[in-house]
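Thanks for coming, everyone. I would like to take a few minutes to walk through one model, beginning with its strands and finishing with a helix.

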Amino acid sequence: RDAVEPFIAKWQGVAASELSTSQSFLLDLCRMLGVDAPHPSPEQDYMFERPVTFQHGDGSSSAGRIDCYRRGAFVLEAKKLRAPGHTKGFDDAMLRARGQAESYARALPAAEGRPPFLLVVDVGHHHRHALGDEALAHRVPDPRGRPGHHGHSSVQLHRLGSLVSSV
């Protein structure tokens with residue numbers, strides 16, 4: 001809990017771009033939560049900018065990168081939205097980001113299975129847990145047929161302290 005307030009103070013209302021803030025924000029979040037941070041490895045199992053290949057219906061393919069990925073855990077799509085929360089513009093942008101995360105989950109190698117969670121983060125404002133596995137399965141079937149969890153929730157940055165203290 002002692003680390004929460006400085007984290008919130010540092011990140012609340014930061015106006016810099018997604019590209020310049022998202023990895024620093026996520027590294028600080030990992031430190032605050034006391035969990036391992038993403039790191040490059042040959043297995044590409046927990047890292048920033050995880051490469052994926054999109055296969056298109058016409059037989060072509062294109063490259064993409066997942067903002068943050070942990071095999072067996074999540075695909076995270078980071079955004080730095082200008083639209084204020086609780087507006088149609090914000091909701092639409094978060095839905096587009098969720099769709100982007102779903103596309104990344106589909107593009108992962110079948111042998112890795114689908115992650116149980118898609119996370120969409122508006123850096124400096126919200127941590128949004130977009131979908132659990134069961135909801136994702138309606139859109140992205142898991143090639144290994146794993147059952148999962150279902151849910152959707154949002155945590156605003158200024159409320160993070162009460163969430164962390166209740167865990």
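Let me start with a single pair: K79 has D122 as its bridge partner in β4. That contact belongs to a set of 6 bridges joining β3 to strand β4, residues 117-122, and these two strands run parallel; strands count as paired here if DSSP finds at least two bridges between them. Helices (H or I, at least four residues) and strands (E, at least two) are DSSP runs, numbered from the N terminus.

Before going on, please keep in mind that this is a predicted model, in which local features need pLDDT of at least 70 and side-chain atom pairs count only at pLDDT 80 or more, while totals for chains, interfaces and linings use all residues. Residues are numbered from 1 along each chain as its sequence is written, and side-chain values use heavy atoms, with hydrogens and water left out.

Strand β2, residues 61-70, is joined to β3 by 3 bridges, and this pair runs antiparallel; F74 in β3 is the bridge partner of R70. The two strands form a hairpin with 3 residues between them, and G72 in that turn has a positive phi of about 75 degrees.

How many residues of β3, residues 74-79, are buried? The count is 6 of 6, where buried means under 20% relative accessible area, exposed over 50%, and partly exposed in between, with a 1.4 Å probe and protein chains only. F74, L76 and A78 point one way, whereas V75, E77 and K79 point the other.

Turning to helix α1, residues 4-11, its buried residues are V4, F7, I8 and W11. They lie on the same side of α1 because they cover an arc of only 95 degrees around the axis, the arc being that of the directions from the helix axis to the C-beta atoms. The exposed residues P6 and A9 sit on the face turned away from that buried side.
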